[in-house]
Amino acid sequence: NATFPDPGRTARAHEFVILQSWERNRALELKAVNPDLKVLAYKNLSFVTCDAYSGGQYVPQGVRCPDVNANHPDWFLTDPAGNRLNSSGYPSAWLLDLGNPAYQNAWADGVITEALADGWDGVFMDDTNPTIKYHVDPARVARYPNDATWRAATRSMLETVGPRIQASGLLAIANVCCARDHGTVWRDWLPYLSGAMDEMFTKWGNDPAVGYVWDWGAGGWSGQLEEVREAEAQGKYFLGVTHSQGTDGRAAAYGLTTMLLASQGRSSFALAQDYTTETRFPVYDRALLLGSPSGAYYRVGAAYRRQFSAGTVVVNPSLNPVSVALGAEYLTETGARVTSVTLGATSGAVLLATTVQEPPPPGDTVPPETTITGAPSGITRSGSATFSFTANETSARFQCRLDGGVFGACTSPTTYTGLGAG
């Protein structure tokens, strides 16, 4: 479940937010602040979860395990001996047959009905994988024993569900794992979708010291840059997610500036530490001041650069430091005026024109929501009462009053004494 320290700022700062389907009230809260925000319901494309919550009102797939078990056991994929297959990382998630037309349509029916009823903007389809090797050894999948057959089944699923979701007025965004390692998958699957995510964009893993994707050639950084360019060329949304610690400014800048090299206005980026805690970096706010692109990106030695109306973006996807002459004076993140910049390995920079004035961050205009977490129950003879409470913003301050009294500053818990019975 997502954690937003400041929901108002979250709603204003992002173009997309992805939530579990049982977080509908939170989606409505965000949309009330920013009606243009696109809030997607998470649904897994390849697995069904079989656990204590499988029969609940909301599940993270388009089908439910009890129904599949009872009525569609043929939807479970098995090994050559007939044993069902589950994910090595998520043991309660069981692999389903993406190439089965009955499963495809049942999945689409489920997610479309729920999304329309609950007011979602679209569906986020996780585990849209060109290979299943990160969950199950492909050779164990009797029906699809290699990447080529698995890709064909996944594409068949997308050909069915993607157009159906979009025809219902919903967005269909897929999390396409590791497409850069699988030829033309990204280009070939996008026509069935509203857009796609690369969740290992420019870096994988939460260790700030490792995981950077550099420009090693086929399957490297240039392949991910091409994902952005291809999505934009097809008029699709691109969502890039970099992984690291929530304090890793280098990783955030590298991913964001890589995206900015090819973005035409339909691309978004975020750094994720755990998929539940929102992260924010100063480079995000600086990027908003760049203005509009002045042309396409171009190469400067080992670095890449793109001009904007109010600044420039420079990215070094190599393993060595690179110096780039800028041809004019620009402002760094510290406010220094420079005519050249030296970037360390796998890093990027947003440089603003000297005429740009960086505004202070916008103030929060959305009041916090207060929840009483503890209070006396019913009628009591006690002469005292203790109340505990919390808010959905960590910086919130509280005022309390008793009956028709005057509000005064208070903290949780607050105890009132000398009370009459009642």
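Select G169 to begin: this residue, just after helix α5, takes a positive phi of about 85 degrees. Helices (H or I, at least four residues) and strands (E, at least two) are DSSP runs, numbered from the N terminus. The model is predicted, so local features need pLDDT of at least 70 and side-chain atom pairs count only at pLDDT 80 or more, whereas totals for chains, interfaces and linings use all residues. Residues are numbered from 1 along each chain as its sequence is written, and side-chain values use heavy atoms, with hydrogens and water left out.

**The whole chain**

Display the full chain next. Its C-alpha trace spans about 80 × 65 × 40 Å along the principal axes, and the chain has 9 helices and 20 strands. Of its 422 residues, 47% are buried; buried means under 20% relative accessible area, exposed over 50%, and partly exposed in between, with a 1.4 Å probe and protein chains only. A contact means heavy atoms within 4.5 Å. Among contacts between residues at least 6 apart in sequence, 61% join residues at least 24 apart.

**Helix α5**

Select residues 147-167, which form helix α5. At 1.5 Å a residue its 21 residues should span 30 Å, and the end C-alpha atoms are 30 Å apart, which agrees; the expected span is 1.5 Å times one less than the number of residues. At the N-terminal end, N146 caps the helix, with a side-chain oxygen 3.2 Å from the backbone nitrogen of A148.

Now colour the buried residues of α5: W150, A153, T154, M157, L158, T160, V161, G162 and I165. They pack against β4 (93-95), α4 (101-118), β5 (122-128), β6 (171-176) and α6 (185-189).

**The parallel sheet**

From β5 and β6, extend the selection to their sheet. It is an open sheet of 7 strands with parallel pairing, in the order β1-β2-β5-β6-β7-β8-β9. Two strands pair if DSSP finds at least two bridges between them. At the edges stand β1 (16-19) and β9 (267-272), each pairing on one side only. Neighbouring strands are turned by 25 degrees against each other on average, direction ignored.

Between β5 and β6 there are 5 bridges in the parallel sense; M125 has A174 in β6 as its bridge partner. Helix α8 packs on this sheet, touching β8 (237-243) and β9, and its direction makes about 165 degrees with that of β9. Such angles run from 0 to 180 degrees between N-to-C directions, with axes as lines fitted to C-alpha atoms, for helices over the stretch in contact.

**From α8 to the antiparallel sheet**

Keep α8 (residues 249-262) selected and add β11 (303-308), β12 (311-316) and β15 (347-353). The helix lies across these three strands, running at about 115 degrees to β12. They belong to an open sheet of 6 strands, ordered β10-β11-β12-β15-β13-β14, with antiparallel pairing. Because β10 (298-300) and β14 (337-343) stand at the edges with a single partner strand each, one side of each is left without a neighbour in the sheet. The twist averages 25 degrees from one strand to the next.

Zoom in on β13 (residues 322-331), which 6 bridges join to β14. In β14, S340 is the bridge partner of A325, and V341 is that of V324. The hairpin has 5 residues between the strands, and G335 there takes a positive phi near 90 degrees. T332 is in the loop between β13 and β14; this residue is buried, with a relative accessible area of 12%. T332 touches R286, V338 and L351, not counting residues up to four places away in sequence.

**W221 and the aromatic pairs**

Select W221 in helix α7 (residues 221-233). Its relative accessible area is 0%, so W221 is buried. Beyond four places away in sequence, its contacts include W214, Y254, T258, Y304 and V315.

Finally, show the aromatic rings. The structure holds 14 aromatic pairs; rings of Phe, Tyr and Trp (its six-membered ring) pair if their centres lie within 6.5 Å, with planes under 30 degrees apart counted as stacked, over 60 as edge-to-face and the rest as tilted. F387 and Y416 form an edge-to-face pair, 6.2 Å centre to centre and 70 degrees between the planes. F387 lies in β17 (residues 385-391) and Y416 in β20 (residues 414-416), so the pair ties together parts 29 residues apart in sequence. F387 is partly exposed at 27% relative accessibility, whereas Y416 is buried at 18%. The last selection is W186, F201 and F238, which form one aromatic cluster.

Technical notes: A polar contact is a pair of N or O atoms within 3.5 Å; within protein, one must be able to donate a hydrogen and the other to accept it, and residues adjacent in sequence count only if both atoms are side-chain atoms.
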